[in-house]
Amino acid sequence: DEDGVIDDLYVYDALSNKNTIMPLFAYEGSNAEDLLFDNFDLLFEQYNYCAGAVLYNNEIDPNNPGFWGNDASVEEILHTINACSHVETYPDIFGLEPNSSQMSDAMDIARGGQFLSIPQNYPEEAWYHYDDWTCDYECMAMEYLYWCIVTNMGLLDNNMICNGIYDEWELCNQEDFESTDVLMYNIITNPDLKIPQNAPDGIYCPNQSNINDEKLIDKKVIYSLDLLGRLVENKHKGIVIDLYNNGSVKKKINY
């Protein structure tokens with residue numbers, strides 16, 4: 001809800017404890033991306049990183065956050081948060097394996113049956129029919145969770161978008177989602193799970209009255225690593241910048 005307060009502390013703890021990262025690269029196949037994935041197993045074993053997705057610079061459009069075809073940041077960040085927190089924090093609800101959770105049961109209905117691999121043809125009654133043969137059942141579940149969240153947010157409620165995604169996902173607005181995918185709608189809107197209900201709007205500066213200045217000053221960078229996991233030496237371990245409402249700098253603290 002963009003009030004500057006963490007909505008789900010269990011999710012926050014999971015993301016922190018797993019050293020969750022969101023790799024951002026200039027473009028697909030860049031030297032930086034090759035370097036990361038060439039050392040992927042070593043880095044993730046040594047530093048216990050969790051990464052649910054990667055994002056490329058040309059997939060980001062700050063003026064249209066989450067708009068399908070323009071901006072992929074909402075999708076990839078949701079994949080990261082869901083994969084590195086929700087799946088293990090709420091396994092009975094968001095477990096990815098067949099017959100493991102409420103979500104897996106809901107997805108089997110949405111796909112017209114339980115398919116451990118891509119069927120030659122989905123049943124006519126299916127409204128979720130992803131056909132990427134490289135995507136296994138657990139991958140299908142992650143994509144399904146994304147579609148459900150952004151449908152409920154209203155990010156797909158557009159004729160152009162609806163036509164563009166129809167071969168994968170048929171529900172384009174909250175009303176269709178609520179009436180068609182009843183099981184998953186009840187999960188996504190369950191207030192106890194604190195799944196985001198509002199679409200990102202590109203404005204993420206909470207009102208100053210909602211920020212505890214003392215807690216703000218306590219924030220710090222614990223350490224910085226390069227792509228190979230080597231410690232980066234900085235002159236200052238961290239910088240806290242306190243801004244006025246108009247965006248000008250009120251106070252900067254190096255430490």
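1. Contact here means heavy atoms within 4.5 Å. By that rule, and leaving aside neighbours within four places in sequence, His-79 is in contact with Gly-52, Ala-53, Met-142, Glu-143 and Tyr-146. His-79 sits in helix α4. Is His-79 buried or exposed? Its relative accessible area is 5%. The cut-off for buried is under 20%, so His-79 counts as buried.

2. Some context for the whole chain. The model is predicted. The secondary structure comes to 11 helices and 4 strands. The chain has 255 residues, and buried ones make up 36% of them. Take the contacts between residues at least 6 apart in sequence: 55% of these join residues at least 24 apart. The exposed area of the chain is about 15200 Å². Carbon and sulfur atoms supply 50% of that area.

3. The main core. In soluble globular proteins, nonpolar side chains tend to be buried together. In this chain the largest nonpolar core has 43 residues. Which residues have the most contacts inside it? They are Phe-94, Tyr-128, Tyr-144, Trp-169 and Met-184. Six helices each supply at least two residues of this core: α4 (73-89), α5 (91-94), α6 (102-110), α7 (137-153), α8 and α10 (182-188). Helix α7 gives the largest share, 12 residues.

4. There is also a second core, separate from the one above. This second core has 7 residues. Phe-25, Leu-36, Phe-44 and Tyr-49 are among them.

5. Tyr-128 deserves its own entry. Not counting residues up to four places away in sequence, Tyr-128 touches Met-107, Ala-110, Arg-111, Tyr-122, Met-140, Glu-143, Tyr-144, Trp-147, Glu-168 and Trp-169. Tyr-128 is also listed among the residues with the most contacts inside the largest core. Glu-143 appears in the contact list of Tyr-128, and Glu-143 is in contact with His-79 as well.

6. Aromatic rings. A pair of aromatic rings is described by the distance of the centres and the angle of the planes. How many aromatic pairs does the whole structure hold? The search finds 9. One of the pairs is Tyr-146 with Trp-147, which is tilted, at 5.1 Å centre to centre and 50° between the planes. Both Tyr-146 and Trp-147 are buried. Another pair joins Phe-177 and Tyr-185. This one is edge-to-face, with 5.6 Å between centres and 75° between planes. Phe-177 and Tyr-185 are both buried too.

7. One aromatic cluster takes in Tyr-128, Tyr-144, Tyr-146, Trp-147 and Trp-169. Of its members, Tyr-146 is in contact with His-79. Tyr-144, Trp-147 and Trp-169 are touched by Tyr-128.

8. Asp-167 is placed in the loop between α8 (159-165) and α9 (174-180). Its relative accessible area is 55%. Exposed requires over 50%, so Asp-167 counts as exposed. Asp-167 and Tyr-128 are 39 residues apart along the chain. Their C-alpha atoms are separated by 8.5 Å.

9. At the surface, Ile-6, Leu-9 and Tyr-12 make a nonpolar patch of about 300 Å². Where is Ile-6 placed? It belongs to the segment before α1 (9-17). Patches take residues with over 30% relative accessible area. Ile-6 has 41% and is partly exposed.

Methods. Residues are numbered from 1 along each chain as its sequence is written. This is a predicted model: local features need pLDDT of at least 70, side-chain atom pairs count only at pLDDT 80 or more; totals for chains, interfaces and linings use all residues. Side-chain values use heavy atoms; hydrogens and water are left out. Rings of Phe, Tyr and Trp (its six-membered ring) pair if their centres lie within 6.5 Å; planes under 30 degrees apart count as stacked, over 60 as edge-to-face and the rest as tilted. Buried means under 20% relative accessible area, exposed over 50%, partly exposed in between (1.4 Å probe, protein chains only). Patches are made of residues with over 30% relative accessible area and no salt bridge: like charges are joined within 9 Å, nonpolar side chains (Val, Leu, Ile, Met, Phe, Trp, Tyr) within 5 Å. Accessible areas come from the Shrake-Rupley method with a 1.4 Å probe; for residues, only the protein chains shown count as cover. A salt bridge is a side-chain nitrogen of Lys or Arg within 4 Å of a carboxyl oxygen of Asp or Glu. A nonpolar core is a set of buried Ala, Val, Leu, Ile, Met, Phe, Trp, Tyr and Cys residues joined through side-chain atoms within 4.5 Å.
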